[in-house]
Amino acid sequence: MSRRLYSNHEYVKSGLVTGTMWDIMLKYMSDNGVDITSGNWGNRANTTLTNLSGYYTKIIEKSEAGKIAGETEGFKSAKTLDTTGICALLTTGSTEQVKKMNLYDISGNLWEWTEETAYSKGSNYDVNGNYNLYMLRGGGAETQTAGNSALYHMYYRAGRNAPNAWTLYGFRPVLFLQ
């Protein structure tokens, strides 16, 4: 998906974040005083986002076995957004509340695909017999807080079949200089 972003440049290679990169990023944040277990920062459901400078789309929750149907309210610009009963996808960097140490959207906004493969007993193979289960990291905008801790922290991981598209799945490309 991001492997060919810069395929025409001989000194640059691109790809998805690996699980090791994600873990190193969390270790770096933790070692520098960021509480990586906290759900009190980031873009999550049932929070109030202030000083927004970008765009967002509200996703109105229609619970059906814990999933969010795609009913949305279009892109808008606002200074404050109360996400009570909804979640909202934000433009990256649209508010200071969604970053720590200049790393954006680690806590909330989108679940992120990584290059990690996952093992789960059962049918994780596609019709050609290829292993087809990859890891999502972090937590999406729909994750809610329970007391002082989030249900899905930025260190959370879950295996999902790929390709698997959902409004709240995204990815973080990485550029390697050769």
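Colleague: What makes β9 and β10 a pair of strands, and in which sense do they run?

Modeller: Strand β10 (residues 133-137) is joined to β9 by three bridges, and the two strands run antiparallel. Two strands pair if DSSP finds at least two bridges between them, so three bridges satisfy the criterion. In β10, Y134 stands opposite T117. This is a predicted model, in which local features need pLDDT of at least 70 and side-chain atom pairs count only at pLDDT 80 or more, while totals for chains, interfaces and linings use all residues. Residues are numbered from 1 along each chain as its sequence is written, and side-chain values use heavy atoms, with hydrogens and water left out.

Colleague: What makes β14 a partner of β9, and where does E112 find its bridge partner?

Modeller: Three bridges also connect β9 (residues 111-117) with β14, here in the parallel sense, and G170 in β14 is the bridge partner of E112. The strands themselves are DSSP runs of E with at least two residues, helices are runs of H or I with at least four, and both are numbered from the N terminus.

Colleague: Why are β13 and β14 called edge strands?

Modeller: The open sheet has four strands in the order β13-β10-β9-β14, with mixed pairing. Since β13 (157-161) and β14 (169-171) each have a single partner strand, one side of each is left without a neighbour in the sheet. Neighbouring strands here are turned by 50° against each other on average, direction ignored; the axes are lines fitted to C-alpha atoms, for helices over the stretch in contact, and angles in general run from 0 to 180 degrees between N-to-C directions.

Colleague: Why is β9 called largely enclosed?

Modeller: Five of its seven residues are buried, so the rest of the structure largely encloses β9. Buried means under 20% relative accessible area, exposed means over 50%, and partly exposed lies in between, with a 1.4 Å probe and protein chains only.

Colleague: How do you know that D23 and R137 form a salt bridge, and which parts of the chain do they tie together?

Modeller: A salt bridge needs a side-chain nitrogen of Lys or Arg within 4 Å of a carboxyl oxygen of Asp or Glu, and the N to O distance for D23 and R137 is 2.4 Å, so the pair qualifies. D23 lies in helix α1 (residues 19-31) and R137 in strand β10, so the contact ties together parts 114 residues apart in sequence. At 34% relative accessible area D23 is partly exposed, whereas R137, at 0%, is buried.

Colleague: Why is K99 buried or exposed, and what of its partner E96?

Modeller: K99 has a relative accessible area of 19%, which is under 20%, so K99 counts as buried. E96 reaches 56%, over the 50% limit, and therefore counts as exposed. Their side chains meet in a salt bridge at 3.3 Å, N to O. Elsewhere, salt bridges that share partners join D23, E116, R137 and R157 into one network.

Colleague: What makes D31 and K27 a salt bridge, and how are they placed in helix α1?

Modeller: Their closest N and O atoms are 2.9 Å apart, so the pair falls within the cut-off. Being four residues apart in helix α1, they are separated by about one helical turn, and both are exposed. The whole structure holds seven salt bridges.

Colleague: Why is the contact of W111 and Y156 called stacked, tilted or edge-to-face?

Modeller: Rings of Phe, Tyr and Trp (its six-membered ring) pair if their centres lie within 6.5 Å, and planes under 30 degrees apart count as stacked, over 60 as edge-to-face and the rest as tilted. For W111 and Y156 the centres are 5.7 Å apart and the planes stand at 70°, so the pair is edge-to-face. W111 in strand β9 and Y156 in the loop between β12 (149-150) and β13 are 45 residues apart; W111 is buried at 6%, while Y156 is partly exposed at 29%.

Colleague: What makes W113 and Y169 a pair, and of which kind?

Modeller: Their ring centres are 5.5 Å apart with planes at 75°, so this pair is edge-to-face. W113 belongs to β9 and Y169 to β14, so parts 56 residues apart in sequence are tied together, and both residues are buried.
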